[in-house]
Amino acid sequence: MEATSTPRITCTYLNSYVGKNVLVVGKVVQLRGDEAIIDADGNITAHLHREAHLSAGSGVQIIGKVNPDLSIKVLSSLDLGTSVDYNLANAVVEVTHQHKSVFAYD
């Protein structure tokens with residue numbers, strides 16, 4: 001199996017990853033049918049699949065592909081509950097982008 005990179009990002013980095021798979025940790029702000037608004041240092045629209053069971057106000061980890069409109073097509077999701085340290089999650093994103101060679105494949 002070929003190794004693939006799924007970098008951790010926040011809303012700030014969406015532009016740099018159009019067409020690529022990413023991992024986002026954020027808070028579910030709103031649910032609307034098959035879409036969710038995720039606050040990950042800015043709002044991201046996530047297009048959910050049928051197996052996604054998210055709750056407004058809970059933390060979520062999503063893996064998905066960034067669309068040209070900067071929304072994310074969710075491939076997998078994990079409800080993290082309400083005790084998420086978003087400052088820590090954002091700090092991890094920043095560290096991974098400062099040291100890309102350690103965390104990402106070329």
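**View 1. T10 and the residues it touches.** Leaving out residues up to four places away in sequence, T10 touches A40, D41, I44, N90 and V93, where contact means heavy atoms within 4.5 Å. T10 sits in the loop between strand 1 (8-9) and strand 2 (21-32). Helices (H or I, at least four residues) and strands (E, at least two) are DSSP runs, numbered from the N terminus. Is T10 buried or exposed? T10 counts as buried because its relative accessibility is 1%; buried means under 20% relative accessible area, exposed means over 50%, and partly exposed lies in between (1.4 Å probe, protein chains only).

**A quick word on the model.** This is a predicted model, in which local features need pLDDT of at least 70 and side-chain atom pairs count only at pLDDT 80 or more, while totals for chains, interfaces and linings use all residues. Residues are numbered from 1 along each chain as its sequence is written, and side-chain values use heavy atoms, with hydrogens and water left out.

**View 2. The hairpin of strand 3 and strand 4, with D41 in the turn.** Strand 3 (35-39) and strand 4 (residues 43-47) form a hairpin with three residues between them. The two strands pair in the antiparallel sense over five bridges; pairing here asks that DSSP finds at least two bridges between two strands. In the turn, look for D41, with a positive phi of about 60°, although D41 is not a glycine. That's worth a second look, because most residues other than glycine have a negative phi. D41 is partly exposed, since its relative accessible area is 49%.

**View 3. The two faces of strand 4.** Which side chains of strand 4 point to one face and are buried? Those are I44 and A46, while N43, T45 and H47 point to the other face and are not buried. In a regular strand, the side chains alternate between the two faces of the sheet.

**View 4. A46 and its surroundings.** A46 is found in strand 4, and it counts as buried because its relative accessible area is 0%. A36 stands opposite A46, and in strand 6 the bridge partner of A46 is I72. What else does A46 touch, leaving aside neighbours within four places in sequence? Its contacts are D34, E35, A36, I38, I62, I72 and V74. Take I62 from that list: A46 and I62 are 16 residues apart in sequence, and their C-alpha atoms are 8.7 Å apart in space.

**View 5. Strand 6 beside strand 4 and strand 5.** Strand 6 (residues 72-81) pairs with strand 4 in the parallel sense, over two bridges. On the strand 4 side, H47 has K73 as its bridge partner in strand 6. Strand 5 (residues 59-66) runs antiparallel to strand 6, and eight bridges join them. One of the partnerships to look for is G59 with G81 in strand 6.

**View 6. L70 in the loop between strand 5 and strand 6.** Strand 5 and strand 6 form a hairpin with five residues between them, and L70 lies in the loop. How does phi look at L70? Phi is near 70° there, a positive value in a residue other than glycine. L70 counts as partly exposed, because its relative accessibility is 28%.

**View 7. The salt bridge of R32 and E35.** The side chains of R32 and E35 meet in a salt bridge, at 3.7 Å from N to O. The rule asks for a side-chain nitrogen of Lys or Arg within 4 Å of a carboxyl oxygen of Asp or Glu, and by this rule the count comes to one. Side chains of opposite charge can pair when their charged atoms come close. R32 is partly exposed, because its relative accessibility is 41%; E35 is partly exposed too, at 23% relative accessible area.

**View 8. Helix 2 and confidence in the model.** Where is confidence lowest in the protein chain, and where is it highest? By pLDDT, the predictor's confidence in each residue from 0 to 100, the lowest mean belongs to helix 2 (residues 100-103), at 77, and the highest to strand 4, at 98. Over the protein chain the mean pLDDT is 92, and 93% of the residues reach 70 or more. Where pLDDT is low, the predicted coordinates should not be read in detail. Helix 2 holds F103, which counts as partly exposed because its relative accessibility is 48%.
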